[in-house]
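Welcome! Have a look at the sequence and the 3D view, and then try the exercises below.

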Amino acid sequence: MRKPIIAGNWKMNKNRKDAEQLITELVPLVKDAKCDVVICVPFTDLDTAVKATKNTNIKVGAQNVHWAESGAFTGEISADMLKEIGVEYVIIGHSERRQYFGETDESVNKRTLKALEAGLKPIICVGETLAEREKGKTDEVVTRQTKAAFKDIPKEELKNIVIAYEPVWAIGTGKTATADDANSTIKVIRDTMAELYCKNCAEETVRIQYGGSMNPKNASELMAMPEIDGGLIGGASLKAEDFSKVVNY
Ligand code: PGA
């Protein structure tokens with residue numbers, strides 16, 4: 001019912017030449033994927049990535065988007081600018097943006113609304129820090145983040161949105177949430193979506209990925225969990241072979 005979606009998050013890696021090379025290697029390796037395949041690349045690689053993925057099953061995403069139409073926002077990129085070059089997805093509220101760049105639940109919501117208005121598909125990230133997990137606040141945190149992100153977002157848009165559950169302590173650390181833990185927190189997020197919208201929408205339409213040290217070794221176990229609809233892959237998306245193994249889990 002819910003088609004799995006595996007997205008790479010290159011973060012601040014790869015110049016245009018590297019990007020082109022990686023995509024050229026990746027294309028044949030993932031051409032028969034049963035899931036949706038997305039690569040979220042740095043702004044400077046977007047144009048290259050859109051061209052290199054033309055007529056393939058790989059979609060391109062950005063890693064952030066501003067909420068204003070245009071104007072005095074030095075260093076920011078608008079949703080229309082992304083749309084114009086052929087970008088389809090955009091990561092919003094990644095924990096690195098929340099941690100290092102002052103992203104808040106409110107700004108995540110504003111970015112999401114604007115991205116949808118421009119016809120982009122947001123990948124909204126939620127997840128608890130280690131301190132929050134140790135205090136037993138995981139469910140409370142992801143529920144709060146989910147409710148805030150979806151403020152004023154109509155039900156009709158749910159098909160265009162992906163949620164990524166990324167426990168902050170599992171990102172880039174080699175520590176993965178156990179498949180059971182990831183599954184049960186994603187269930188909490190799905191229940192929150194059922195409360196915000198409806199049970200059917202949450203169960204049939206809302207796709208929720210897991211992210212955090214997902215790699216060729218653990219992908220199949222995570223993907224076998226009933227609540228996990230895909231992955232947001234950082235480190236393991238930087239090599240074509242590794243990423244393709246996750247995609248073909
Ligand atoms: P990781 O990153 O796979 O390197 O842990 C995931 C992410 O931050 O999206």
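Three exercises with worked solutions follow, all on this predicted model.

**Exercise 1. The ligand and its surroundings**

Task: Find which polar contacts the oxygen atoms of the ligand have with N9, G172 and G234, and how much of the ligand the protein covers.

Solution:
- Step 1: Begin with the shell. There are 13 residues around the ligand, and K11, H94, E166, G172 and S213 come nearest.
- Step 2: Sort the shell by class. You should get four nonpolar, seven polar and two charged residues.
- Step 3: Recall the cut-off: a polar contact needs a pair of N or O atoms within 3.5 Å.
- Step 4: Check the distances. For G172, a backbone N or O atom is 2.6 Å from an oxygen atom of the ligand. For G234, a polar backbone atom is 2.8 Å from a ligand oxygen. For N9, the partner is an N or O atom of the side chain, at 3.4 Å from an oxygen atom of the ligand.
- Step 5: Turn to the cover. On its own, the ligand has 280 Å² of accessible area, and the protein covers 95% of this.

**Exercise 2. The largest pocket**

Task: Describe the volume and the lining of the largest pocket.

Solution:
- Step 1: Note the volume, which is about 380 Å³.
- Step 2: List the lining. It has 14 residues, with K11, M12, Q63, R97 and F101 closest to the centre of the pocket.
- Step 3: Ask where the largest share comes from. Helix α4 (residues 95-100) provides it, with three residues.
- Step 4: Count by class: seven lining residues are nonpolar, four polar and three charged.

**Exercise 3. An aromatic pair**

Task: Work out how the rings of F150 and Y197 are arranged, and which parts they tie together.

Solution:
- Step 1: The structure holds three aromatic pairs. F150 and Y197 form one of them, with 6.2 Å centre to centre and 80° between the planes.
- Step 2: Planes over 60 degrees apart count as edge-to-face, and this pair is edge-to-face.
- Step 3: Place the residues. F150 is in the loop between α7 (138-149) and β6 (162-165), while Y197 is in the loop between α8 (179-196) and α9 (199-205), so the pair ties together parts 47 residues apart in sequence.

Terms used. Residues numbered from 1 in each chain as written. Predicted model: local features only at pLDDT ≥ 70, side-chain atom pairs only at ≥ 80, totals over all residues. Heavy atoms only, no water. Near = heavy atom within 4 Å. Polar contact = N/O pair within 3.5 Å; in protein donor to acceptor, adjacent residues only side chain to side chain. Areas by Shrake-Rupley, 256 points an atom, 1.4 Å probe, with all protein chains shown as cover. Nonpolar A, V, L, I, M, F, W, Y, C, P; charged D, E, K, R; others polar. 1 Å grid on protein atoms, 1.4 Å probe; cavity = no way out; pocket = protein on both sides within 12 Å on 5 of 7 lines; lining within 4 Å. Points joined across faces, edges and corners; volume = space filled by probe spheres on them. Helix = DSSP H or I, 4+ residues; strand = E, 2+ residues; numbered from the N terminus. Phe/Tyr/Trp six-rings, centres within 6.5 Å; stacked < 30°, edge-to-face > 60°.
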